[in-house]
4 protein chains.
Amino acid sequence: MLNFAVLVLHCPDQKGLVAAVTEFISRNNGNILSLEQHVDRHVNEFFMRVQWDLNAFAIPKEKIGDYFGTLIGTRYQMQWQLHFSDERLRMALFVSKPAHCLYDILGRVHSREWQVDIPLIVSNHLDHQEVSQRFGIPFHHFAMNAENRHAQEQKQIELLKQHNIDLVVLARYMMIVGKPFVQAFPGRMINIHHAFLPAFIGAKPYHRAYERGVKLVGATAHYVTEELDEGPIIEQDVARVTHIDAIDELTRRGGDVEKLVLARAIRRHIERKTLIFQNRVIVFD
Amino acid sequence: MLNFAVLVLHCPDQKGLVAAVTEFISRNNGNILSLEQHVDRHVNEFFMRVQWDLNAFAIPKEKIGDYFGTLIGTRYQMQWQLHFSDERLRMALFVSKPAHCLYDILGRVHSREWQVDIPLIVSNHLDHQEVSQRFGIPFHHFAMNAENRHAQEQKQIELLKQHNIDLVVLARYMMIVGKPFVQAFPGRMINIHHAFLPAFIGAKPYHRAYERGVKLVGATAHYVTEELDEGPIIEQDVARVTHIDAIDELTRRGGDVEKLVLARAIRRHIERKTLIFQNRVIVFD
Amino acid sequence: MLNFAVLVLHCPDQKGLVAAVTEFISRNNGNILSLEQHVDRHVNEFFMRVQWDLNAFAIPKEKIGDYFGTLIGTRYQMQWQLHFSDERLRMALFVSKPAHCLYDILGRVHSREWQVDIPLIVSNHLDHQEVSQRFGIPFHHFAMNAENRHAQEQKQIELLKQHNIDLVVLARYMMIVGKPFVQAFPGRMINIHHAFLPAFIGAKPYHRAYERGVKLVGATAHYVTEELDEGPIIEQDVARVTHIDAIDELTRRGGDVEKLVLARAIRRHIERKTLIFQNRVIVFD
Amino acid sequence: MLNFAVLVLHCPDQKGLVAAVTEFISRNNGNILSLEQHVDRHVNEFFMRVQWDLNAFAIPKEKIGDYFGTLIGTRYQMQWQLHFSDERLRMALFVSKPAHCLYDILGRVHSREWQVDIPLIVSNHLDHQEVSQRFGIPFHHFAMNAENRHAQEQKQIELLKQHNIDLVVLARYMMIVGKPFVQAFPGRMINIHHAFLPAFIGAKPYHRAYERGVKLVGATAHYVTEELDEGPIIEQDVARVTHIDAIDELTRRGGDVEKLVLARAIRRHIERKTLIFQNRVIVFD
């Protein structure tokens, strides 16, 4: 059974950073499984992700964070996160009427492609109650309108906290999420937008793509921030369309891209391979 | 030797359109080499491109247009164009400092991949005078500034008319082209924009793509209209980039996409496979 | 409600083919919704797919085939098939242990993206019995070994015939299908092979792709014929991999391509957009 | 002016490798500009590429290799190569009749996209003598036939040695290169094959792709070894084709892929980002 630690960090670039981190691991008998680092010369910031085997590691798991912070992190002014291979993320799904992303995620989790739990599905419609039940996942319906929206969102935040949700996925949830909700899950809420951002921000992107006569439709998975569709981008992809394709065909072709792009983004998050820095996502590979 | 006619047309959708056109050709002993047609249900418009062998065709080449217009075109309110395989397009290239599109086009023409002539290259800089000379193509330098711009463009229009230019290609020409110039070449001026339009309209798209943290950079070839970067799109494509890639790397990866996208668009135009309708390009295939 | 006919045909190229077919439709008051045709000059064969509105069509639906065959088909030695928009395909799924294609297909059918029925799922393992039940689809387990294989396949053919199956989909069914089975469903059995055919025919393609050090992995959906992995190709696609990706990662990345490629192929078949000619698939678009 | 060193290495995986190399650099006042490393668990081999600034580096440039070998390389049984940013590769081009790769490479070098020299172009035909002269590059014609082939190749090897050629690029050179020639440039001869290897090894791949009815055509850039088209793959890519595309169209679409794939492979080699290990190419990024 694999038993490893993942350290993700960034700090202002300085000499000796790679050596400092790798020595900390090697000296304590940790074997590095993978290491990625780079410097963004535009902002002179250093980024690193390192994964090492804990089996013979000299420092007890629960103390690694303390030791690293004291010996290395503070000294180099690092922002860092430490994760372990035995943590299992708890993911909540928010959906409206479009079904393709929901089915794709349920399939990946149910077939154990991803090691996560889905304690609940939330929707502003009842369409997907039945499929949620087929997969044995509690379904929570919140009817939303202009009046009750704020109150309903407060209840949603409560519900997510009760269930210790680590990651909220807006899997084609056709509502704009309010500020308090966004602030409750900073860097832990992923949305799929059905366009190649920053093109076609906002509503009805496939209609606007059709009107503009584009030759590719796209999808963008991003962390949600307070500005609509302006959050840091995790993954994007496109599909070719032609002048023959009407809006329904753009929607269908785009749908296949959306579910793939969202799945890749979720996977990267689950694997602790993402790091947000100044509205950009470093995606370690 | 191939000797064929190409008819490209559109009109309001009606019953019997395909039958009417194909009968006109078959009855006069023309063999259809390819035919594409479709109806855009959104606007209820019919589009068609048909190519036929002229070797045994009963109507003399110079009268085909008259006959078709009288017998079919007017009756169905068609907008149509007729071209022949022995026409050879005369293409003018406009460039600034970036070189990749220029070299790619020169290579394709010089190696006879495309059957076009390039009677002249125009630039607001002197950088590419030498390569133009190597390929034996007259190079015209027009220094441009805020004061002389209008006058210089008038001279450029004159020059193009003197040389009977059919198609103007802005192959990374970093100037905004004035209204009179655009109006002189309606549907006959192609620009390559170094972004996936409608994202990053205007200046410095790679810088803005970097700032936004996109995961793909793109390029768009479009017919030039009076609104900057809003003309009908002929072709688009993208290339993957990562968080590691700085602006210079985005520029480099994008450059390879630009030259490919522009080449595909020019080729489609040369083959008479494009048709502009309401700010969209029908690209027959 | 749409009510249309689809005619798919091929014959030796001759003059007047398009005119003959389109006149047959227009003269009888049918409105052509889409038409695609081309000639393969390599073999001098003509291919056509035409779809027309039946609402005002003069010939009763049940007699269209007779009339077309008598008036047009025989005269031009056409091979043709006629389909109607109200037919609903009955599709059987065959699976082994890999789950991704199965879940993807179930999701598309259950969410009504595709208008088909799945009367049964067949497997040589019990792994997917539970998910079949969740979707309310009868699951048939056939344990297979060298001795019983022929007998078991006979039972499978019987089962499929009892259920009037139109299309058999081998959705990562890791058994080689016997000759009698293939012959029972000519042009009606689709397989997904987890490689870019003709590379890596046969077993363990991802292992061999890893050994060869390829930079892309692929997937191929094809009609099954008696020669293993040699059937006519409907659709292919690829995904990029790097030197870092081990066999499990190739398998995972390839899996996403497989399910997309298989889905596109099934969709084309459902829409009657495929035509097999001399081990090639014409895919009308 | 950038002044940096690049170290590319591999060795059996052991603890402390990253720390050992990075300490060697940091301790001697080198600032790491980029570092990539990974372990191939399949073969338990460690791979690394590290690039560092030489401006304040304590060890004189000409002694870095000695010091590194003695202190680190030998101890860990490393295979390593050391390069410096001021080296300029000397590249020879071999071509036959197809022109697209040649023009693309000439364009990139002449426009200074790549920092390499092309001291000579070799061909078994005279077609490209004129374009070589336009770019001022000496052209060497070697007529080849079954009798003189061995002797001509010996002369070619001589010629390349006289000109101190570092890298031989077979830019659509339609001859099979003999064993002595291959052995004279191990890991320093790149070929572009016009197929997605290992599909369509050998002659006329587009013809065979057409016969097989594939839906994508591809290209593969690889280091040349003694086995035809079996050398380690540097880069591959594909382009979509349809049933309509005849062999000439496959050739044309494939040509655009070939030139892009070959250019990417050459660039990786120039940047010292490739490492051959057991018939696989590690392509650092």
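Let us begin inside the structure: the largest cavity is lined by 17 residues, and those nearest its centre are B:Y103, B:D104, B:K259, D:Y103 and D:D104. Keep in mind as you look around that this is a predicted model. How can empty space be found in a protein at all? Rolling a probe the size of a water molecule over the atoms shows where empty space is left. A search of the whole structure turns up 13 cavities of 30 Å³ or more, and the largest has a volume of about 140 Å³.

Now look at what surrounds that largest cavity. Helix α3 (100-110) of chain B and helix α3 (100-110) of chain D each give at least two residues to its lining. What kinds of residue make up the lining? Eight are charged, six are polar and three are nonpolar.

Since chains B and D both take part in this lining, it helps to ask how the two are arranged. Two copies of a chain are related by a rotation about an axis and a shift along it. For chain D and chain B, a turn of 180° with a shift of 0.0 Å along the axis lays one on the other, with an RMSD of 0.0 Å. The residue of chain D that comes closest to this rotation axis is D:R134, whose C-alpha lies at 2.7 Å. The two copies meet through the same surface, because 100% of the interface residues of chain D are also interface residues in chain B.

Chain A and chain B tell a similar story. A rotation of 180°, with 0.0 Å of shift along its axis, superposes chain A on chain B with an RMSD of 0.0 Å. These two copies are therefore related as by a two-fold rotation axis. In chain A, the C-alpha nearest the axis belongs to A:A199, 2.2 Å from it. Here too the same surface serves both copies, as 100% of the contact residues of chain A recur in chain B.

Let us now visit a few single residues in chain D. D:R172 sits in the loop between β8 (167-170) and α6 (179-184). Is D:R172 buried or exposed? Its relative accessibility is 7%, so D:R172 counts as buried. The side chain of D:R172 makes a polar contact of 2.6 Å with the side chain of D:E258. Leaving aside residues up to four places away in sequence, D:R172 also touches others, including D:F94, D:H100, D:C101 and D:H194.

Next comes D:D237, found in strand β11 (residues 233-240) of chain D. Which side chains does D:D237 reach by polar contacts? One is that of C:R240, in a polar contact of 3.5 Å, and another is that of D:R264, at 3.0 Å. Among the residues that D:D237 touches, not counting those up to four places away in sequence, are C:L216 from chain C and D:V217, D:V257 and D:V261 from chain D.

Our last stop is D:Q129, in helix α4 (residues 129-134) of chain D. With a relative accessibility of 30%, D:Q129 counts as partly exposed. Where is D:R75 in relation to D:Q129? The two are 54 residues apart along the chain, and 52 Å separates their C-alpha atoms.

How values were computed. Residues are numbered from 1 along each chain as its sequence is written. Chains are lettered from A and ligands numbered from 1 in the order in which they are written. This is a predicted model: local features need pLDDT of at least 70, side-chain atom pairs count only at pLDDT 80 or more; totals for chains, interfaces and linings use all residues. Side-chain values use heavy atoms; hydrogens and water are left out. Copies are superposed by least squares on the C-alpha atoms of residues with pLDDT of at least 70 in both. Contact means heavy atoms within 4.5 Å. On a 1 Å grid over the protein atoms alone, a cavity is a set of points where a 1.4 Å probe fits but cannot get out, and a pocket is an open set with protein on both sides within 12 Å along at least five of seven lines; lining residues have an atom within 4 Å of a point. Grid points are joined across faces, edges and corners, and a volume is the space filled by probe spheres set on the points. Helices (H or I, at least four residues) and strands (E, at least two) are DSSP runs, numbered from the N terminus. Ala, Val, Leu, Ile, Met, Phe, Trp, Tyr, Cys and Pro count as nonpolar, Asp, Glu, Lys and Arg as charged, and the others, Gly among them, as polar. Buried means under 20% relative accessible area, exposed over 50%, partly exposed in between (1.4 Å probe, protein chains only). A polar contact is a pair of N or O atoms within 3.5 Å; within protein, one must be able to donate a hydrogen and the other to accept it, and residues adjacent in sequence count only if both atoms are side-chain atoms.
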